[in-house]
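Please look through the structure shown here with an eye to its enclosed and open spaces, and to what surrounds them. The paragraphs that follow begin with one of these spaces and then widen to the chain as a whole.

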Amino acid sequence: TTMSNNISATGSGERANFRLSFGNEYMQGIVPTSSLRRITAGINGTASLSEKLSANASVQYARNKANNRPGTGYDELNPIMGFTWFGRQVDTKQLQALVTDSTLQAYNREQGIDFTNQVNWNYNYHNNPYWAIQQNNNSDDRNRFIGSAQLQFKPLSWLSAMVRTGSDFYNTTRANNIAQ
């Protein structure tokens, strides 16, 4: 499921123009418990400062905040990878019930089965994919700023000079919690 909202405003005069924008996007992944929220904002404008001097500038901000992105390829955090190694005899509904059915968990606790550890059909390398989805979690949060500015001077019809600068800065925080 993806929900996306955007709004923008523009304005112009005889010698200048601008554009403001804001976006909000929320995605709920195919894998249960996975989601991504993205917020974007931007402003840019141009101005003719004189007959020979013009300027433009832009600033953009983007924030991505994700929870429980599934792994890809041959990765322990990829729940689909676990399914590819299952034997035909494995009852996946039972594996799911072991993780999600509180009545079944209470009964098994009474029988001495401890659910602080996962129950799986094969412990060689692969996790119970339902356990991995419910118990293992990760998150990442990225803030990114992109800015640029330019001045152009044209003293003669055949001669111009330009100064341009820009920056792309971001910081990221990540966390991974793997249950045993």
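Which elements each supply at least two residues of the lining of the largest pocket? They are β5 and β6 (159–177), where strands are DSSP runs of E of at least two residues, helices are runs of H or I of at least four residues, and both are numbered from the N terminus. The model is a predicted one, in which local features need pLDDT of at least 70 and side-chain atom pairs count only at pLDDT 80 or more, while totals for chains, interfaces and linings use all residues. Residues are numbered from 1 along each chain as its sequence is written, and side-chain values use heavy atoms, with hydrogens and water left out.

The largest pocket holds about 210 Å³ of space, and β6 gives the most to its lining, with 5 residues. On a 1 Å grid over the protein atoms alone, a pocket is an open set of points with protein on both sides within 12 Å along at least five of seven lines, a cavity is a set of points where a 1.4 Å probe fits but cannot get out, and lining residues have an atom within 4 Å of a point. Grid points are joined across faces, edges and corners, and a volume is the space filled by probe spheres set on the points. Among the residues that line the pocket are Asn64, Arg69, Asp140, Arg142, Tyr170 and Arg174. By class, the pocket lining divides into 2 nonpolar, 5 polar and 4 charged residues, with Ala, Val, Leu, Ile, Met, Phe, Trp, Tyr, Cys and Pro counted as nonpolar, Asp, Glu, Lys and Arg as charged, and the others, Gly among them, as polar.

Turning to enclosed space, the count comes to 2 cavities of 30 Å³ or more. The largest cavity, with about 140 Å³ of space, is lined by 14 residues, of which Leu77, Ala132, Ile133, Asn136 and Asn138 lie nearest its centre. Its lining has 8 nonpolar, 5 polar and 1 charged residues, and α4 (129–135) gives the most to it, with 3 residues. Asn138 also appears in the lining of the largest pocket.

The second largest cavity has a volume of about 50 Å³, and its lining includes Glu76, Met81, His126 and Ala132. Here the largest share, 3 residues, comes from α1. Ala132, which lies in helix α4, is buried, with a relative accessible area of 12%; buried means under 20%, exposed over 50%, and partly exposed in between, with a 1.4 Å probe and protein chains only. The C-alpha atoms of Ala132 and Ile178 are separated by 8.2 Å, although the two residues are 46 residues apart along the chain.

Across the whole protein there are 4 helices and 6 strands, which follow the pattern β-β-β-β-α-α-α-α-β-β along the sequence. Of the 180 residues, 23% are buried. Among contacts (heavy atoms within 4.5 Å) with a separation of 6 or more, residues 24 or more positions apart account for 54%.

Finally, the mean pLDDT, the predictor's confidence in each residue from 0 to 100, is 87, and 89% of the residues reach 70 or more. Helix α3 (residues 102–110) has the lowest mean among the elements, 66, and strand β3 (residues 35–48) the highest, 98. Where pLDDT is low, the predicted coordinates should not be read in detail.
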